[in-house]
Amino acid sequence: MVVPRGQEYQAPQEVETREDEEQNIKLTEILELLVAAGYFRARIKGLSPFDKVVGGMTWCITTCNFDIDVDLLFQENSTIGQKIALTEKIVSVLPKMKCPHRLEPHQIQGLDFIHIFPVVQWLVKRAIETREEMGDYIRSYSISQFQKTHRLPEDDEFMQRKEKAIKTVTDIFEVYKPQRKYKRQKGAEELLDEESKVHATLLEYGRRYGFSRQAGKTEQAEDKKIVLPPGLAAAGKAEPCEEDDLQAAEELRIKTLMTGMAAMATEEGKLTASTVGQIVGLQSDEIKQIVSEYAEKQSELSAEERPERLGAAQQHRRKVASLNKQILQKTKLLEELQAKCADLQAKCTEAKKMLSEVKSYSEKLDKELAALETIESQADSSILQSLRALVAMNENLKSQEQEFKAHCREEMERLQQDIENLKAEAVEDGEEQEPNKIIEQQYKTEKDKLQKIRLLLARRNREIAILQRKIDEVPSRAELTQYQKRFIELYSQVSATHKETKQFFTLYNTLDDKKVYLEKEVNLLNSIHDNFHQAMASSGSREQFLRQMEQIVEGIKQNRMKMEKKKQENKMRRDQLNDEYLELLEKQRLYFKTVKEFKEECRKNEMLLSKLKASSS
């Protein structure tokens, strides 16, 4: 089947161009990904795209720290065999790494960047994740290796402070170690149970555990000063009456134990209830009462001086009350800080919102200024100068009009003031007829002046309207750009239609030529078939038939040679046009690059001019 010439030349070229652009875009994205991941060899311009991409893939696989039984040895400027072997190894490794994308060796060898890009993207992501996972482990290992052989000044300072701290703690333990304050007398009653022995030993060292009546009084006095939370107050009220009995029994037990003890040398200045009882004896009821009161006061003083002698429940309640008070203070402080934080966050949000609005408005103004500068730089200088002159004239006329109106208002006010003054003078003098005539005459004169001024103003307005219409008739840069876009779109549509029509014509001509050749072939075969039996009847007709067949074959060969020659000519013409097209593309790229550089230089020039004007002003 014969392929139409138009389709053979044009369609593949368009597809190749589009694919080349996509391949270049994907190659650029792949190189950017590799550089961002840390493979900086992709920046070297002397390397080929194959070496950059395959080297980056090998580096990513190595960085992933994946246990594979493949030697990925990458060398630059390798031979074809080495490249094929390396690509096959890479393709075999990817499924072991559980890569979701499939890749073939011929795609890597053929630089099919569209299919290589997702694989490289996945490898870069996997390499970054692996480095993040191994970063902390390597850092801790390096620190441990460093600390084995080296020490920092901070470590030396810490060791010195550690020795001082240990010495200080030892001294504190030595100062605050338990001291014995009481001692059991030799003739005291022997303690039988273990609990009494424990209590007696604790009392010897000044520690008093359990409930006591004096502790309850002290606790009630402190409860008046400290306000407990409602829950604890309710729990305190709900205690059963059995605690009072327990407290009384415990107090009696402690007193019994204290009667058999004497103060140590450090406590000689203090008298206990047992000492007072031994000195005084049981002579009278008054002395007993005085002894009991003295014992109670002495226990109060000892309770105030040594809080550790109080009962465990009382200490617990005091701690709970103190902690609740601290909780209330901290809660109040937290609420104040939260309120301040919310206020500051609201102010910060408003400031951020205002800042974003100002930035957006500034960016909008910068874009509009850049667009105006671009339009002004691309516009015709003569048209631009004429437009500037007309705009300046329009602004001048508007300012003159405003000044004239202001002058007219001032003049009218002055005249009205003169009229009022004249009326006042006429009323004072009693002469009303003559000033009225003068006023009417002045009024007519001023009215005529006002009419003339209105006519002049109307004439100026007509001139301004004419100038405005002339300005509107000149198309702006935006309108010219819109017209250009519409013409380009129309040209593209016409070009596409023309191209399609040309392809149809070429296809029709090709099919028509094919039809003609097929008809000739059919006619020739029919004539051969019809004359074959007659030609085979005699030897003369047979020779003549053979000569005719040789002539037909020779003619077919000549036609074939002509068609081959025509085909070669068309192919050469196609190659020549393709070269010209590539040259034009290169010129177009150079043109766009030059225009971009020129715009950048214009922008720099305008910035320098503005800075120069600002510095001079």
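Helix axes here are lines fitted to C-alpha atoms over the stretch in contact, and angles run from 0 to 180 degrees between N-to-C directions. Everything shown in these views comes from a predicted model.

**Figure 1. The whole chain, before we zoom in.** We start with 617 residues, folded into 17 helices and two strands. Buried residues make up 17% of the chain. Take the contacts with a separation of 6 or more, and 68% of them turn out to link residues 24 or more positions apart. As for confidence, the average pLDDT is 78, and 78% of the residues score at least 70.

**Figure 2. Helix 2 meets helix 5.** Here are helix 2 (residues 49–63) and helix 5 (residues 113–149), whose axes cross at roughly 35 degrees and come within 8 Å. The crossing is left-handed. On the helix 2 side, look for Pro49, Val53, Met57, Trp59, Cys60, Ile61 and Thr63. Helix 5 answers with Phe113, Ile116, Val119, Val120, Leu123, Val124, Ala127, Thr130 and Arg131. Sort this contact by class and you get 13 nonpolar residues, two polar and one charged.

**Figure 3. Helix 2 again, this time with helix 3.** The axes of this pair sit 11 Å apart and pack at an angle of about 40 degrees, so helix 2 counts as oblique to helix 3. Once more helix 2 makes a left-handed crossing, now as it passes helix 3. Phe50, Val54, Met57, Thr58 and Ile61 are what helix 2 brings to the meeting, while helix 3 supplies Lys83, Leu86, Thr87, Ile90 and Val93. The tally is seven nonpolar, two polar and one charged. Met57 and Ile61 may look familiar: they belong to the contact with helix 3 and also to the contact with helix 5.

**Figure 4. Two loop residues with positive phi.** Most residues other than glycine have a negative phi. Lysine 98, which is not a glycine, has a positive phi of about 65 degrees. You'll find lysine 98 in the loop between helix 3 (80–96) and helix 4 (105–109). Is lysine 98 buried or exposed? Lysine 98 is exposed, with a relative accessible area of 70%. Leucine 111 is no glycine either, and its phi is positive as well, at about 55 degrees. The loop for leucine 111 runs between helix 4 and helix 5. With a relative accessible area of 26%, leucine 111 is partly exposed.

**Figure 5. Helix 16 alongside helix 17.** This pair consists of helix 16 (residues 477–535) and helix 17 (residues 539–616), with axes 10 Å apart and a packing angle of about 165 degrees. Angles over 145 degrees count as roughly antiparallel, so that is the label for helix 16 and helix 17. Their crossing is left-handed. Helix 16 makes the contact through Tyr517, Leu524, Ile528, Asn531, Phe532, Gln534 and Ala535. From helix 17 come Ser541, Arg542, Phe545, Met549, Ile552, Ile556 and Met563. Ten of the contact residues are nonpolar, three are polar and one is charged.

**Figure 6. Where the model is sure of itself, and where it isn't.** Helix 17 is where confidence in the chain peaks, at a mean pLDDT of 90. The low end is helix 8 (residues 213–225), with a mean of 42. Two further stretches deserve a look. Over residues 265–270, pLDDT stays under 50, and the model has five contacts beyond four places in sequence for them. Over residues 305–310, pLDDT also stays under 50, but here the model has 22 such contacts. Where pLDDT is low, the predicted coordinates should not be read in detail.

Terms used: Residues are numbered from 1 along each chain as its sequence is written. This is a predicted model: local features need pLDDT of at least 70, side-chain atom pairs count only at pLDDT 80 or more; totals for chains, interfaces and linings use all residues. Side-chain values use heavy atoms; hydrogens and water are left out. Helices (H or I, at least four residues) and strands (E, at least two) are DSSP runs, numbered from the N terminus. Angles under 35 degrees count as roughly parallel, over 145 as roughly antiparallel, 65 to 115 as roughly perpendicular and the rest as oblique. A crossing is left-handed if the near helix is turned anticlockwise from the far one by less than a right angle, and right-handed if clockwise. Contact means heavy atoms within 4.5 Å. Ala, Val, Leu, Ile, Met, Phe, Trp, Tyr, Cys and Pro count as nonpolar, Asp, Glu, Lys and Arg as charged, and the others, Gly among them, as polar. pLDDT is the predictor's confidence in each residue, from 0 to 100. Buried means under 20% relative accessible area, exposed over 50%, partly exposed in between (1.4 Å probe, protein chains only).
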